[in-house]
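Open the model in your viewer and keep the selection tool ready. We will go from one stop to the next.

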2 protein chains.
Amino acid sequence: MHPAEPVSDLPRASAPSSRRVVIVGGVAGGASCAARLRRLDESCEIVVLDRGPYVSFANCGLPYYVGNVITDEVSLLVASAQMFRDRFNITVHTETEALSVDRDARSLRVRDLRSGQVREEHYDALVLAPGAAPIRPALAGVDAPGVFAVRSIPDTRLIRAWIDQRAVKRAVVVGGGFIGLEMVENLRHRGLEVTVLEKLGQLMPPLDAEMAVWVADHLREKGVTLCLGDGLAAIEAQSGGALVVVAESGARIETDLVILAIGVRPETTLARQAGLTIGPRGGIVVDPRMCTGDPNIYAVGDAVEVHDVLTGQETVLPLAGPANRQGRIAAQAIAGRPAAFRGVQATAVVGVVGMTVASTGASEKGLVRAGVKNFAKVYLHPGHHAGYYPGARAIHLKLLFSVPDGRVLGAQAVGFEGVEKRIDVVATAIQFGATVDDLADAELCYAPQYGAAKDPVNIAGMIAQNVLSGDMVLAPWDGVSDTDALLVDVREPEEYAAGHLPRAINVPLSTMRERYAELPREREVWLCCGVGQRAYYATRFLAQKGYRARNLSGGYTTYGSLKRAGLIGSE
Amino acid sequence: MHPAEPVSDLPRASAPSSRRVVIVGGVAGGASCAARLRRLDESCEIVVLDRGPYVSFANCGLPYYVGNVITDEVSLLVASAQMFRDRFNITVHTETEALSVDRDARSLRVRDLRSGQVREEHYDALVLAPGAAPIRPALAGVDAPGVFAVRSIPDTRLIRAWIDQRAVKRAVVVGGGFIGLEMVENLRHRGLEVTVLEKLGQLMPPLDAEMAVWVADHLREKGVTLCLGDGLAAIEAQSGGALVVVAESGARIETDLVILAIGVRPETTLARQAGLTIGPRGGIVVDPRMCTGDPNIYAVGDAVEVHDVLTGQETVLPLAGPANRQGRIAAQAIAGRPAAFRGVQATAVVGVVGMTVASTGASEKGLVRAGVKNFAKVYLHPGHHAGYYPGARAIHLKLLFSVPDGRVLGAQAVGFEGVEKRIDVVATAIQFGATVDDLADAELCYAPQYGAAKDPVNIAGMIAQNVLSGDMVLAPWDGVSDTDALLVDVREPEEYAAGHLPRAINVPLSTMRERYAELPREREVWLCCGVGQRAYYATRFLAQKGYRARNLSGGYTTYGSLKRAGLIGSE
């Protein structure tokens, strides 16, 4: 090995500064934009401002820092101001608030929060990456000590201190969405008794209710108290330091800690002041280059409205992945390179007390909201790997697709292992406008501990193919309680005896060829089994025998989830 | 709940048999074909023949049954002859060997292996799904007691008995491919000392050598003895029951058990006898409908040649996923429905003593073999999830893509968690002819325990984009030992001191802006860091300063793997 050559200590070269780019907000989108821009353009001056004490911290890690899963605060700091300077020659001003924009003068008025001093920052290009702020409803007591939101490292530091110093035993999480459930996970990890108060009748609002019910079941089983369909009315501070969360129903929940996780709202104060266009969803309007109406001002991240590629509508989607990509695209645009954000498809995952919940694309309610009518859905409950290999656990999967062209519109999955893998595959397929045929044809990894020769994604595609081809006509689940059709459970008698649809008779698939003539030809026959497979076989048989046979997708397992979600009435 | 309606006991309806379909081979492709065909056509007669005692068993589970991971033989039986009869009205004849085909008479001559009786089976359509047989080289001793292949349940039963009854302590696995490594995994699980003898200089022949080296490192660390680059010469049976495996090098390995996992060969005896076309790779030639040259004869599964969508060449690929899909397609074709097999992309995974190895698409050597010249490759070593969340472990990833159009050609990944997920995503992208831009843009699941805001797949795409755009010019790794370029390690001095490329000098990225003028402008500068990221930053900086800077993809980590794989010489 040769010795390292000696290097002399030459003076620093100064780059001629051609342009000055100022970025407001140094997390995710802002930080990505700054770093990418420097890689593309060594000559420009890049200044990043952030209101908080840190830039480029891992805000998606904050709940886990509260939960002591992440024990070292330093590990949340993805990049420091020092690193931005040393690696990228980027100037970072923390604890610096942007006050107003003078677009004609291309000047930003900022305040140093430590000194209180106000100054002007000239820009040639301005990037707004202010993020989104937790919604704090104007209700009595929301500012009481012990009531917290989770947005910044200082926030989480306060929550940790509150838990440790007061030996907190009980917590109420207001809001059952992503952040709310991540807080549930982490407060349980700290050993707290946790109650979730959620105004909607379900957890995980992006999911359809019958999919979210699997999460609720699991959390209840793990000892979490759920108050669904009940909103926050007020918070009362008791003498002695306890808090009482008063629900809209009048229910009173005594607790030691309240986490507000109701949702977030795009930070648009600066953009509004600057006269930039704010869209109907409350976010800054940008073009595919992430440029606002002002050619010198870009905006990225949680504060902007983005195009939903599934529904064709504008939306706000406060997620780190799209924010990072937008930052990169704004940098490309500023550097004069081609760049276009392709829109979002809302791929997301959350882990909660051992369970994984993931989705991509549109939900059924999202399609309905967007006025989409020609779609169908299938349910399935395959094992996460081959059934013959020990330890397979069900993934509850819902696939939505366009009729009659079969374009994949969205998927939701809930389970314990391999859940987000399947959603990532469907997400990738959606990116290319895949049809259900493509899902059926996907060539995915298979060894028994990882998947199956027909992966759950393949099976979802094959079931949907059968629907589109007319080989398997679906029965509408919401008609099951009052249909005139004959309901037939095709499982074995002992399975039927353990629980079945009201009014369903039992004709096991294994006897169907002997007994089908018992079935009435004048009525529709709706077939049900455990998860939909045997009923599909029976559907095919009966259809070929001239019956008007339909399959109840996902079988008795789906029935249970629909019923627990309140989507099918009792009789 | 309504009571179940009473059903009367009507006589079985007899279906008019219009056509007779005979399927030779009842596992994977054959079984899928039979079941699918019945669902499409209730009226035809379906007969499945298998030489073995079972149909539709989980042959991918066999190694795990040897390993006692799967403890119950019954769980390997996906479907029994009884189930085929009851559910599908399919006749199964096990222990029945197909002897010859009379294509003019559309008749198959078969022998009942129990009675020895020979009979004719008439067919309207014949499906050949005979699979592939383990290669048993014609060497001395390969038939000695204690030498086994792993193809059938009886095979594995014999191996289990051999291990249990002889209290076997040592095993030699001949062949380091998929089956070989699965046997290593399982024999280790049984507590045996395991030696692998592999004729090639690497494990996992489908992978490129520098990727396979990670597997070899891991196995050695786990106490497995590897003899690479050494083939089997003979096996000697010792008195006392021990065996000696004699390698081509002359090495003698004493052992109690030998597993032959050299590879498999398509079973084409019947097809050859019938005069069907056999392709250059030794498999039965079929069209996209899985039809052979004879319009009444189809062939599916491990015995057929398939079209590799990446290289455009014909190949044999003995994997269960494609076999199942081919069975389904043959059924569609027989039922007169549209059907076309899209070819294969060779997606595969293997788990070995805690490590996961997965790949999809073409390998570098596969591209070279196919005469493809315009491609590039990048290496990366990202954590399997966000670095700030505890427990992130590296995934070693190689991405191959077409130049200049950026089409993704293949990916290989080795690591411990989240490995096959990334390969499944790339596999799905390849299915759609994706470019590296698409990988960069993929919107995948992110929460800190599952991934990163920039997922490893995104990062792979972004790195490749930088290569294609010319923003990051790659240095050729195979030139590193004799290049005239200046090698510069941009890590911090303590990292450099712990190990670096021969002849590399150290100019940390953090000091590059002060010190770059030290570097010679007349020579190329090849930059290296730990995994390639900091060197990329330095490459961008220096390129903008007018240097001919190149990045050594994957950094010192890739260097180590190339060196251990023997692809970079010592100095």
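Select helix 1 and helix 8 of chain A: their crossing is right-handed (the near helix is turned clockwise from the far one by less than a right angle; anticlockwise would be left-handed). Helices (H or I, at least four residues) and strands (E, at least two) are DSSP runs, numbered from the N terminus. This is a predicted model: local features need pLDDT of at least 70, side-chain atom pairs count only at pLDDT 80 or more, and totals for chains, interfaces and linings use all residues. Residues are numbered from 1 along each chain as its sequence is written, while chains are lettered from A and ligands numbered from 1 in the order written.

Stay on this pair. Helix 1 covers residues 29-40 and helix 8 covers residues 320-334. They pack at about 35°, with axes 7 Å apart (axes are lines fitted to C-alpha atoms, for helices over the stretch in contact; angles run from 0 to 180 degrees between N-to-C directions).

Next, select the sheet in chain A. Five strands form an open sheet, in the order 3-2-1-7-18, with parallel pairing (two strands pair if DSSP finds at least two bridges between them). Strand 3 (91-93) and strand 18 (297-299) stand at the edges with a single partner strand each, so one side of each has no neighbour in the sheet. The twist averages 20° from one strand to the next.

Zoom in on strand 7 (residues 125-128) and strand 18 of chain A: three bridges join them. Click L128(A); its bridge partner in strand 18 is A299(A).

Now bring helix 8 of chain A back. Helix 8 packs on the sheet and touches strand 1 (20-24), strand 7 and strand 18 (residues are in contact if their C-beta atoms, placed from the backbone, lie within 7 Å).

How values were computed: Contact = placed C-beta atoms within 7 Å.
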